[in-house]
Amino acid sequence: MVKKTVLKVDISCHKCRKKLLKAISGLQGVDKIEVDAGKGTISVTGDADPYDIIVRTRKVGKHVDLVSVGPPPQPPKEPQKKPEPKKPEEKKTDSLVMSQFHNPLTCPVCQQIHLVYTEPNPGCSVM
């Protein structure tokens with residue numbers, strides 16, 4: 001039976017989103033994944049068990065709250081569209097447009113570096 005599972009997850013950087021999508025898409029029975037970073041929700045549609053989706057999300061290292069589980073919404077019926085009249089094309093002036101590069105910063109969870117302190121060995125026991 002196809003279900004829509006909605007989860008509330010902190011998606012604060014591109015790296016987190018990529019990890020979540022990779023983990024959830026690996027589950028059997030997932031048909032569609034929708035991510036809304038503004039609301040912090042992930043909607044998974046398919047036959048996958050919601051428990052398995054939550055377990056995979058937690059393995060990535062994210063705290064997850066289950067918002068809802070239910071049948072997927074019916075697609076809205078599209079009314080007949082009238083063909084639009086063609087407009088004459090306007091000439092565009094060539095202007096130098098700087099391309100904008102988006103370098104998303106990683107969130108504090110992704111920036112964590114684990115350091116392990118080991119005491120220096122004063123002597124070598126191997127001869």
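## A tour from strand β3 outwards

Begin by selecting Ser43, which lies in strand β3. The model in the viewer is a predicted one, and Ser43 counts as buried because its relative accessibility is 9%, under the 20% that marks burial. With residues up to four places away in sequence left aside, Ser43 touches Lys4, Thr5 and Val6, and also Lys32, Ile33 and Glu34.

Next, select Thr45, which has its place in strand β3 as well, the strand being made of residues 41-46. Is Thr45 buried or exposed? At 14% relative accessibility, Thr45 counts as buried. Among the residues that Thr45 touches, leaving out those up to four places away in sequence, are Val2, Lys3 and Lys4, then Gly29, Val30, Asp31 and Lys32, and finally Pro72.

From here, colour the whole chain by secondary structure. The protein has 3 helices and 4 strands, and read from the N terminus on, its elements follow the order β-α-β-β-α-β-α. Of its 127 residues, 22% count as buried, while the accessible surface comes to about 11500 Å², with 55% of that area belonging to carbon and sulfur atoms. If contacts with a separation of 6 or more are drawn, residues 24 or more positions apart account for 71% of them.

Now show the strands alone. In what order do the 4 strands of the open sheet stand? The order is β2-β3-β1-β4, and the pairing is antiparallel. Strands β2 (30-36) and β4 (64-70) stand at the edges with a single partner strand each, so one side of each is left without a neighbour in the sheet. On average, and with direction ignored, neighbouring strands of this sheet are turned by 20° against each other. As a general point, strands of a sheet pair through backbone hydrogen bonds, either parallel or antiparallel.

To follow the pairing residue by residue, keep β1 and β3 in view: they run antiparallel and are joined by 6 bridges, and the bridge partner of Lys8 in β3 is Thr41. Then move to β1 and β4, which pair in the antiparallel sense, over 6 bridges. In β4, the bridge partner of Leu7 is Leu66, and that of Val9 is Val64.

Bring the helices back. Helix α1 packs on the sheet, where it touches β1, β2 and β3, and its direction makes about 160° with that of β2. Helix α2 lies across β1, β3 and β4 and runs at about 25° to β1.

The next selection is the largest nonpolar core, which has 13 residues; Leu7, Val9, Ile42, Val44 and Ile53 touch the most other members. At least two residues of this core come from each of β1 (3-9), α1 (14-25), β3 and α2 (50-59). In soluble globular proteins, nonpolar side chains tend to be buried together. Staying with Val9, and again not counting residues up to four places away in sequence, one finds that Val9 touches Leu20, Gly40, Ile42, Thr57, Lys62, His63 and Val64.

From Val9, step along the chain to Ser12, which lies in the loop between β1 and α1. Ser12 counts as partly exposed because its relative accessibility is 42%, a value between the 20% and 50% limits. Add Ala37 to the selection: the C-alpha atoms of Ser12 and Ala37 are separated by 7.3 Å, although the two residues are 25 residues apart along the chain.

The last stop is the salt bridge, of which the structure holds 1. Which side chains meet in the salt bridge? They are those of Lys32 and Glu34, with a distance of 3.0 Å from N to O. Lys32 counts as partly exposed, at 45% relative accessibility, and Glu34 likewise counts as partly exposed, at 34%. In general, side chains of opposite charge can pair when their charged atoms come close. With this pair still selected, show Ser43 again, since the tour began there: Lys32 and Glu34 are both among the residues that Ser43 touches, and Lys32 is also one of the residues that Thr45 touches.

How values were computed. Residues numbered from 1 in each chain as written. Predicted model: local features only at pLDDT ≥ 70, side-chain atom pairs only at ≥ 80, totals over all residues. Heavy atoms only, no water. Buried < 20%, exposed > 50% of the residue type's maximum accessible area, 1.4 Å probe, protein only. Contact = heavy atoms within 4.5 Å. Core = buried A, V, L, I, M, F, W, Y, C linked by side-chain atoms within 4.5 Å. Pairing = 2+ DSSP bridges. Axes fitted to C-alpha atoms, helices over the stretch in contact; angles between N-to-C directions. Areas by Shrake-Rupley, 256 points an atom, 1.4 Å probe, with all protein chains shown as cover. Salt bridge = Lys/Arg side-chain N within 4 Å of Asp/Glu carboxyl O.
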